[in-house]
Amino acid sequence: MRIKLWIAGAMIAATAMLAPALATGALSDCNSGNMCLWGNNDFQWMIAERAAGSGTITNLSGDADNQMDSWANRSASYNGCGYGGANGTGDTQQFNANSSDGNVAFFNSDEVSSWRTRYGC
């Protein structure tokens, strides 16, 4: 019985230690008027946030490249665009104004390498 209690206690302690390390987040983490990308579904692990209205294509780099699984466009007026390749090349995904997607389709998952926050796709 003592071993079972010890194992249960160890599991609870391990869970408590890992909880802060897990990626957490929410749609509300994206500031009003901005566009945001997350590396996991359900707006977890924000990888990029930019003000809406920029036609400049920006590349994602490091751990953020090819990781986007959810997005939000909190702009009332601008459509954004995500590109499958660097410098605005490859497949596109439009980020419509006042919209979000907490779980992009499997064929769009983990493929955004660059993006802009104006002009759409």
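Let's start with contacts across the chain. Take contacts between residues at least 6 apart in sequence: 66% of them join residues at least 24 apart. Keep in mind that this is a predicted model.

Now the elements. The protein chain has one helix and eight strands. The helix comes at the N-terminal end of the order, which reads α-β-β-β-β-β-β-β-β. Of the 121 residues, 32% are buried. The exposed surface of the protein chain is about 6900 Å², and carbon and sulfur atoms supply 53% of that.

Next, the sheets. I'll take one with the order 2-1-4-7. It is an open sheet of four strands, paired antiparallel. Strand 2, residues 44-51, and strand 7, residues 99-101, stand at its edges. Each has a single partner strand, so one side of each is left without a neighbour in the sheet. On average, neighbouring strands here are turned by 10° against each other, direction ignored. Look inside this sheet. Strand 1, residues 34-40, pairs with strand 4, residues 70-73, over four antiparallel bridges. For one pair to find on screen, Met35 stands opposite Asn73 in strand 4.

Another open sheet has the order 3-8-5-6. Four strands form it, and the pairing is antiparallel. Which strands are at the edges? Strand 3, at 58-59, and strand 6, and each pairs on one side only.

Walk across it in order. Strand 3 is joined to strand 8, residues 114-116, by two bridges. Thr58 has Trp115 in strand 8 as its bridge partner. Strand 8 and strand 5 run antiparallel, with three bridges between them. Here Tyr83 stands opposite Ser114 in strand 8. Then strand 5 meets strand 6 through five bridges, again antiparallel. Gly85 has its bridge partner, Thr89, in strand 6.

Strand 5 covers residues 80-85, and five of its six residues are buried. The hairpin of strand 5 and strand 6 has three residues between the strands. In that hairpin, Asn87 takes a positive phi near 60°.

Stay on strand 6 for a moment, and pick out Gln93. Strand 6 spans residues 89-95, with Gln93 in it. Is Gln93 buried or exposed? The cut-off for buried is under 20% relative accessible area. Gln93 has 7% relative accessibility, so Gln93 counts as buried. What lies 3.2 Å from a polar atom of its side chain? The backbone oxygen of Asn108. Beyond four places in sequence, Gln93 touches several residues, including Met68, Gly80, Cys81, Gly82 and Val112. Cys121 is also one of those it touches.

Now the nonpolar cores. The largest has twelve residues in all. Among them are Met35, Leu37, Ile47, Ala48, Trp71, Phe95 and Trp115. Which elements give two or more residues to this core? Strand 1 and strand 2. Apart from it lies another core, of five residues, among them Cys30, Cys36, Trp38 and Phe43.

Last stop, Val112. Val112 is part of the largest nonpolar core. Leaving aside neighbours within four places in sequence, Val112 is in contact with Leu37, Leu60, Ala64 and Met68, among others. Gly82, Tyr83 and Gln93 are also among its contacts. That brings us back to Gln93, found in strand 6.

Methods. Residues are numbered from 1 along each chain as its sequence is written. This is a predicted model: local features need pLDDT of at least 70, side-chain atom pairs count only at pLDDT 80 or more; totals for chains, interfaces and linings use all residues. Side-chain values use heavy atoms; hydrogens and water are left out. Buried means under 20% relative accessible area, exposed over 50%, partly exposed in between (1.4 Å probe, protein chains only). A polar contact is a pair of N or O atoms within 3.5 Å; within protein, one must be able to donate a hydrogen and the other to accept it, and residues adjacent in sequence count only if both atoms are side-chain atoms. Contact means heavy atoms within 4.5 Å. Two strands pair if DSSP finds at least two bridges between them. Axes are lines fitted to C-alpha atoms, for helices over the stretch in contact, and angles run from 0 to 180 degrees between N-to-C directions. A nonpolar core is a set of buried Ala, Val, Leu, Ile, Met, Phe, Trp, Tyr and Cys residues joined through side-chain atoms within 4.5 Å. Accessible areas come from the Shrake-Rupley method with a 1.4 Å probe; for residues, only the protein chains shown count as cover.
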